[in-house]
Amino acid sequence: MINYLKHFSYNLFTSNYQTNDQILIRRLILINTFLIGGLVAFVSLFFLNYFYRENLSIAILDFVSGITFLSTFIDLRINKKEKRSIFIMTFSLTLFIFYFVWLNHDSNFGLIWTIFVPILAITLYGYKIGGYLSLVYYILMFSLVIYGLEAWESEEWDIVALIRFLVSSVVLLFVLYITEYSFSKMQDSLNMQTLTDPLTQLYNRRKIDETIKKSIETIQRNPSPLSLVIMDIDDFKSVNDTYGHLVGDEVLKALANILQKNIRNIDTLGRWGGEEFIIVLPHTPLEDAILSIERLQQEINTFNFKTVGQITCSYGLCSANTSEYKDQELITCADDALYEAKNSGKDKICTSILS
């Protein structure tokens, strides 16, 4: 029973998304938390304002907002469009708050509800976009409440109350911004550690696997050639045996630097393991990929590596002209071509085609 409830709750707050992206899962949980919490709040406030306070205007506002949140919650589960849900929720809540403040102004601590828009914006849009949206929101809100000093004609709303509201809002916005900024930087650091090789600072095998899968998904939607290169340093074991592993590490880092300088912006480079490197070349037919690797081969062969001197590499290149294959097939194709290059004299470029 407990496991069922846990499973039900997880699916409820993630809208039954099937993903391993922890950032997306966090965003989905936040979205659904706001939607469910907002729905409960609006329904409760509707009954309170309609039956107890007999405030029809506010009750109608609560009812419309509740329907909007419920519709957004259902739409997210059906269509899986989290960005649309964030926009609808943020926009509708902003309209609700402004209209609520206009109708209710200072009565019964009405201004306290204004804090929920920046909370929503910064946590769901991130510290950059959410920070800008919150800044614009508060400029408009401050203009409204300053206007209210004379228009609302209330003994409870005066210059002291205005200053309190301004200061508390600025402090809240600052705290929210710093909190989300810190989380974002921590997440970037964790991603860097998770997805990069610590020695060369290139992408690791996990990131390359993700890139290949996404590239294949892309060309299945929009067919275009895709090439993959796996390269291996020739006789690297002798480098380690002769000069030591520290020198070998310096060779790997220097080679990684050469590769980074000689690939295109659209290419993805990574360390495949040991002395092997891999390059994903999207939108690149076999002929263009061969030219790119030949230029790269020339750069490596003429470079003077510290202590070691010159080295060579072997290259296995595979190009796919069809989308009817899996990522592992592309990798195996390039790996087989590399094996052929190593066995045919090294410092070679061998090719294969998936069709």
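Two strands are taken to pair if DSSP finds at least two bridges between them, and in this predicted model strands S4 and S5 satisfy that criterion, pairing in the parallel sense over six bridges. Within this pairing, glycine 316 stands opposite cysteine 350 in S5.

The two strands belong to an open sheet of five strands, arranged in the order S2-S3-S1-S4-S5 and with mixed pairing. The edges are formed by strand S2 (268–273) and strand S5 (349–354), each of which pairs on one side only, and the twist from one strand to the next averages 20 degrees. Strand S1 (residues 226–233) runs antiparallel to strand S3 (residues 276–282), to which seven bridges join it; here methionine 231 is found opposite phenylalanine 277 in S3. S1 is likewise antiparallel to S4, the two being joined by eight bridges, and leucine 226 stands opposite alanine 320 in S4.

Strand S4 (residues 313–320) is mostly covered, with eight of its eight residues buried. In a regular strand the side chains alternate between the two faces of the sheet. Both faces of S4 are covered, since Cys313, Tyr315, Leu317 and Ser319 are buried on one side, as are Ser314, Gly316, Cys318 and Ala320 on the other.

Helix H7 (residues 205–221) packs on the sheet, where it touches S1, S2 and S3, and its direction makes about 130 degrees with that of S2. The 17 residues of H7 reach 25 Å from the first C-alpha to the last, close to the 24 Å expected at 1.5 Å a residue. At the N-terminal end, H7 is capped by asparagine 204, a side-chain oxygen of which lies 3.2 Å from the backbone nitrogen of arginine 206. Buried positions in H7 are Lys207, Ile208, Thr211, Ile212, Ser215, Ile216 and Ile219, and the buried residues of this helix pack against helix H6 (159–195) and helix H11 (327–343) as well as against S1, S2 and S3.

A further helix pair is formed by H8 (residues 236–243) and H9 (residues 245–261), whose axes come within 7 Å and cross at roughly 135 degrees. Angles over 145 degrees would count as roughly antiparallel and those from 65 to 115 as roughly perpendicular, and H8 and H9 are therefore oblique to each other. In the contact between these helices, Phe236, Val239, Asn240 and Tyr243 of H8 meet His245, Val247, Gly248, Val251 and Leu252 of H9.

Key:
Residues are numbered from 1 along each chain as its sequence is written. This is a predicted model: local features need pLDDT of at least 70, side-chain atom pairs count only at pLDDT 80 or more; totals for chains, interfaces and linings use all residues. Side-chain values use heavy atoms; hydrogens and water are left out. Helices (H or I, at least four residues) and strands (E, at least two) are DSSP runs, numbered from the N terminus. Axes are lines fitted to C-alpha atoms, for helices over the stretch in contact, and angles run from 0 to 180 degrees between N-to-C directions. Contact means heavy atoms within 4.5 Å. The expected span of a helix is 1.5 Å times one less than its number of residues. Buried means under 20% relative accessible area, exposed over 50%, partly exposed in between (1.4 Å probe, protein chains only). A polar contact is a pair of N or O atoms within 3.5 Å; within protein, one must be able to donate a hydrogen and the other to accept it, and residues adjacent in sequence count only if both atoms are side-chain atoms. Angles under 35 degrees count as roughly parallel, over 145 as roughly antiparallel, 65 to 115 as roughly perpendicular and the rest as oblique.
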